[in-house]
Amino acid sequence: MEGGGGILPEKLKEESQSGYVLPTSREAGGLKKSSWGFLLTGIAGGTLVAVYAVATPFLTPALRKVCLPFVPATTKQIENVVTMLRSRRGPVVDIGSGDGRIVIAAAKEGFTAVGYELNPWLVWYSRYRAWREGVQHLAKFYISDLWKVTFSQYSNVVIFGVPQMMPQLEKKLELELEDDARVIACRFPFPHWIPDQVTGEGIDTVWAYNMSTFRGSEKRP
């Protein structure tokens, strides 16, 4: 009969004969440390997965063949775009709208403005910013690849592009936009179009192209 948490001599004898050895205090400490090691490894692995899940939508566009990475517009760039929109009418679209700065600025000027962005995190953040600025009724944002969107319904097109994509985008807009449309390019100009207006310097330079000018020059002999 066992009592007081002790072990009968017969039981000890049996365990000794069977080869069973009770763990020493050092071995028990090692097992405890091993358990903590597994736990910390699991936490670190989970953190890396979480970071990957959040960062992937930001990095993926930059890894495409024709990329449009997110680089926030400067205050001066936004001012220059708004200048190019003055005296203009009709809806505005920002191709690759990022965190929504251009769309929100256009909405504050009274334009119905739309932003297309491939990164869902930026789209959700843009919607929040539009709500915070009180222009959510004028500023709309959609998760979409710019190459899968038709821009024929927009009178004013804004693009913060990169050199690799401008020739292909130039052809797309030529086919889709109406004669009264204006295209505003920031940071990099289109390779073949001649701008009707240029403002700003350096990275803040903005080029405005009127489709009527382009189409008119095409019709001349």
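How many bridges join strand 5 to strand 7, and do the two strands run parallel or antiparallel? There are 5 bridges between strand 5 and strand 7, and the pair is antiparallel. The model described here is predicted.

## Overall make-up

The protein contains 7 helices and 7 strands. Read from the N terminus, the order of elements is α-α-α-β-α-β-α-β-β-α-β-β-β-α. Of its 221 residues, 38% are buried. The accessible surface is about 13500 Å², and carbon and sulfur atoms account for 60% of that area. Taking contacts between residues at least 6 apart in sequence, 63% link residues at least 24 apart.

## The sheet

The 7 strands form an open sheet in the order 3-2-1-4-5-7-6, and the pairing is mixed. Strand 3 and strand 6 (197-199) are the edge strands; each has a single partner strand, so one side of each lacks a neighbour in the sheet. From one strand to the next, the twist averages 15°.

Three of the pairings are described here by individual residues. Strand 2 (residues 113-117) runs parallel to strand 3, and 5 bridges join them. Strand 4 and strand 5 are also joined by 5 bridges and run parallel. The antiparallel case is strand 5 with strand 7. Residues that face each other across these pairs are listed below.

| Residue | Opposite residue | Strand of the opposite residue |
|---|---|---|
| Val114 | Lys140 | strand 3 |
| Val157 | Val183 | strand 5 |
| Ile184 | Ala208 | strand 7 |
| Ala185 | Trp207 | strand 7 |

Two connections between parallel strands can be followed along the chain. From strand 2 the chain passes through helix 5 to strand 3, making a right-handed β-α-β crossover. Strand 4, helix 6 and strand 5 likewise make a β-α-β unit that is right-handed.

## Strand 5 and strand 1

How many residues of strand 5 are buried? The count is 5 of 5, and the strand is mostly covered. In a regular strand, side chains alternate between the two faces of the sheet. In strand 5, Arg182, Ile184 and Cys186 lie on one side, Val183 and Ala185 lie on the other, and both faces are covered.

Ile95 belongs to strand 1 (residues 92-95). Its relative accessibility is 0%, so Ile95 counts as buried. Ile95 and Gly115 are 20 residues apart along the chain, and their C-alpha atoms are separated by 6.3 Å.

## The nonpolar cores

Nonpolar side chains tend to be buried together in soluble globular proteins. Here the largest nonpolar core has 27 residues, and Val81, Val158 and Ile184 have the most contacts inside it. The elements that give two or more residues to this core are helix 3 (75-85), helix 4 (101-108), helix 5 (120-133), strand 3 (139-143), strand 4 (156-160), strand 5 (182-186) and strand 7 (206-210). Helix 4 gives the most, with 6 residues.

Which residues does Val158 touch, leaving aside those up to four places away in sequence? Val158 touches Val81, Val92, Val93, Asp94, Ile95, Ile102, Ile184 and Cys186. Another core lies apart from the largest one; this second core has 25 residues, among them Tyr154, Val162, Leu169 and Trp193.

## An exposed loop residue

Is Asp180 buried or exposed? Asp180 has a relative accessible area of 52% and is exposed, because the cut-off for that class is over 50%. Asp180 sits in the loop between helix 6 (166-176) and strand 5. Not counting residues up to four places away in sequence, Asp180 touches Arg88 and Ser155. Asp180 and Tyr154 are 26 residues apart in sequence, and the distance between them is 9.7 Å, C-alpha to C-alpha.

Technical notes:
Residues are numbered from 1 along each chain as its sequence is written. This is a predicted model: local features need pLDDT of at least 70, side-chain atom pairs count only at pLDDT 80 or more; totals for chains, interfaces and linings use all residues. Side-chain values use heavy atoms; hydrogens and water are left out. A nonpolar core is a set of buried Ala, Val, Leu, Ile, Met, Phe, Trp, Tyr and Cys residues joined through side-chain atoms within 4.5 Å. Buried means under 20% relative accessible area, exposed over 50%, partly exposed in between (1.4 Å probe, protein chains only). Helices (H or I, at least four residues) and strands (E, at least two) are DSSP runs, numbered from the N terminus. Contact means heavy atoms within 4.5 Å. Two strands pair if DSSP finds at least two bridges between them. A crossover is right-handed if, with the strands pointing away from the viewer, the path from the first strand over the helix to the second runs clockwise. Accessible areas come from the Shrake-Rupley method with a 1.4 Å probe; for residues, only the protein chains shown count as cover. Axes are lines fitted to C-alpha atoms, for helices over the stretch in contact, and angles run from 0 to 180 degrees between N-to-C directions.
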